[in-house]
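Visitor: I would like to learn how to read the packing of a fold from its coordinates. Could you walk me through an example?

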Amino acid sequence: MLSRLFAPKVQVSAHCDLPCGVYDPAQARIEAESVKAIQEKYQANEDPHFRTRSTVIKEERAELAKHHVSVLWSDYFKPPHFEKYPELHQLVNDTLKAISAAKGSTDPATGQKALDYIAQIDKIFWETKRG
């Protein structure tokens, strides 16, 4: 009796916990830009305290970039997108791997590689918004 009383009357479906509909690869790009900028600052500064702080912040920013890419993959992109862009699964995987590599590196080239991958996701994302 109680289970029927509290059972949902209407079943709804959403792509996320709160269907806000606000997605943009710019969030990942901004975090990845921070990673690369920190890598450049790290290279230009020999102070061990600065380098320690830089490493911590860089790793936090990289995790945020990974989070934003993962949200696009799991919440925004849908089966029709993957059908139209069959490379998308591999591109997201490569992007996440590149961000992880940048997280563990002080070489700005790794940060740039992550940005290059994010730019490819950005291109596909905006194509899906237009079409």
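Guide: Gladly; we will go from the overall make-up to pairs of helices and then to single residues. Please keep in mind that this is a predicted model.

Visitor: Let's begin with the make-up. How many helices and strands are there in the chain?

Guide: A good habit is to list the secondary structure before anything else. Here the chain has six helices and zero strands, and along the sequence the pattern reads α-α-α-α-α-α.

Visitor: And what share of the residues counts as buried?

Guide: Buried means under 20% relative accessible area. By that cut-off, 32% of the chain's 131 residues are buried. You can also ask how far along the sequence the contacts reach. Among contacts with a separation of 6 or more, 72% join residues 24 or more positions apart.

Visitor: Now for a single helix. How does the reach of α2 sit beside the span expected for it?

Guide: The idea is to set the end-to-end distance beside the rise per residue. Helix α2 holds 18 residues and spans 26 Å from first C-alpha to last, close to the 26 Å expected at 1.5 Å a residue. You can do likewise with α6, residues 108–130: its 23 residues reach 33 Å, close to the expected 33 Å.

Visitor: Which residues of these two helices are buried, and what do they pack against?

Guide: In α2 the buried set is Ala26, Ala28, Glu31, Ala32, Val35, Ile38, Gln39 and Tyr42, and these pack against α3, α5 and α6. In α6 the buried residues include Gly111, Ala114, Leu115, Ile118, Ile121, Ile124 and Phe125. The cover over the buried residues of α6 includes α2, α3, α4 (79–84) and α5 (88–103).

Visitor: Next, pairs of helices. At what angle do α2 and α3 cross?

Guide: For a pair, look at the distance between the axes, the angle and the handedness. The axes of α2 (residues 26–43) and α3 (residues 48–76) come within 8 Å and cross at roughly 160 degrees. An angle over 145 degrees counts as roughly antiparallel, so α2 is roughly antiparallel to α3. The crossing of α2 past α3 is left-handed.

Visitor: Which residues make that contact?

Guide: From α2 they include Glu31, Val35, Ile38 and Tyr42, and from α3 they include Phe50, Ser54, Thr55 and Ile57. By class, this contact has eleven nonpolar, seven polar and five charged residues.

Visitor: How do α2 and α6 pack?

Guide: Their axes lie 8 Å apart, at an angle of about 165 degrees. That makes α2 roughly antiparallel to α6, and this crossing is left-handed. Among the residues that meet are Ala28, Ala32 and Gln39 of α2, with Pro108, Leu115 and Ile118 among those of α6. The contact divides into five nonpolar, five polar and four charged residues.

Visitor: And what about α3 and α5?

Guide: Those axes come within 9 Å and cross at roughly 170 degrees, which makes α3 roughly antiparallel to α5. Ala62, Val69 and Trp73 are among the α3 residues in the contact, and Val92, Leu96 and Ile99 are among those of α5. By class there are eight nonpolar, four polar and five charged residues.

Visitor: Let's zoom in on one residue. Is Tyr42 buried or exposed?

Guide: Start with accessibility, then list the partners beyond the sequence neighbours. Tyr42, in helix α2, is buried at a relative accessible area of 16%. Beyond four places in sequence, Tyr42 contacts Phe50, Arg51, Ser54, Thr55 and Thr106. Tyr42 and Thr55 are 13 residues apart in sequence, with their C-alpha atoms 8.1 Å apart.

Visitor: What does the view from Ser54 show?

Guide: Ser54 sits in α3 and is buried, with a relative accessible area of 6%. Setting aside residues up to four places away, Ser54 touches Ile38 and Tyr42.

Visitor: Which residues does Ile124 contact?

Guide: Ile124 belongs to α6 and counts as buried at 6% relative accessibility. Outside its neighbours within four places, Ile124 is in contact with Phe77, Tyr85, Glu87, Leu88 and Leu91. Ile124 and Pro25 are 99 residues apart in sequence but 10.0 Å apart in space, C-alpha to C-alpha.

How values were computed. Residues are numbered from 1 along each chain as its sequence is written. This is a predicted model: local features need pLDDT of at least 70, side-chain atom pairs count only at pLDDT 80 or more; totals for chains, interfaces and linings use all residues. Side-chain values use heavy atoms; hydrogens and water are left out. Axes are lines fitted to C-alpha atoms, for helices over the stretch in contact, and angles run from 0 to 180 degrees between N-to-C directions. Helices (H or I, at least four residues) and strands (E, at least two) are DSSP runs, numbered from the N terminus. Angles under 35 degrees count as roughly parallel, over 145 as roughly antiparallel, 65 to 115 as roughly perpendicular and the rest as oblique. A crossing is left-handed if the near helix is turned anticlockwise from the far one by less than a right angle, and right-handed if clockwise. Contact means heavy atoms within 4.5 Å. Ala, Val, Leu, Ile, Met, Phe, Trp, Tyr, Cys and Pro count as nonpolar, Asp, Glu, Lys and Arg as charged, and the others, Gly among them, as polar. The expected span of a helix is 1.5 Å times one less than its number of residues. Buried means under 20% relative accessible area, exposed over 50%, partly exposed in between (1.4 Å probe, protein chains only).
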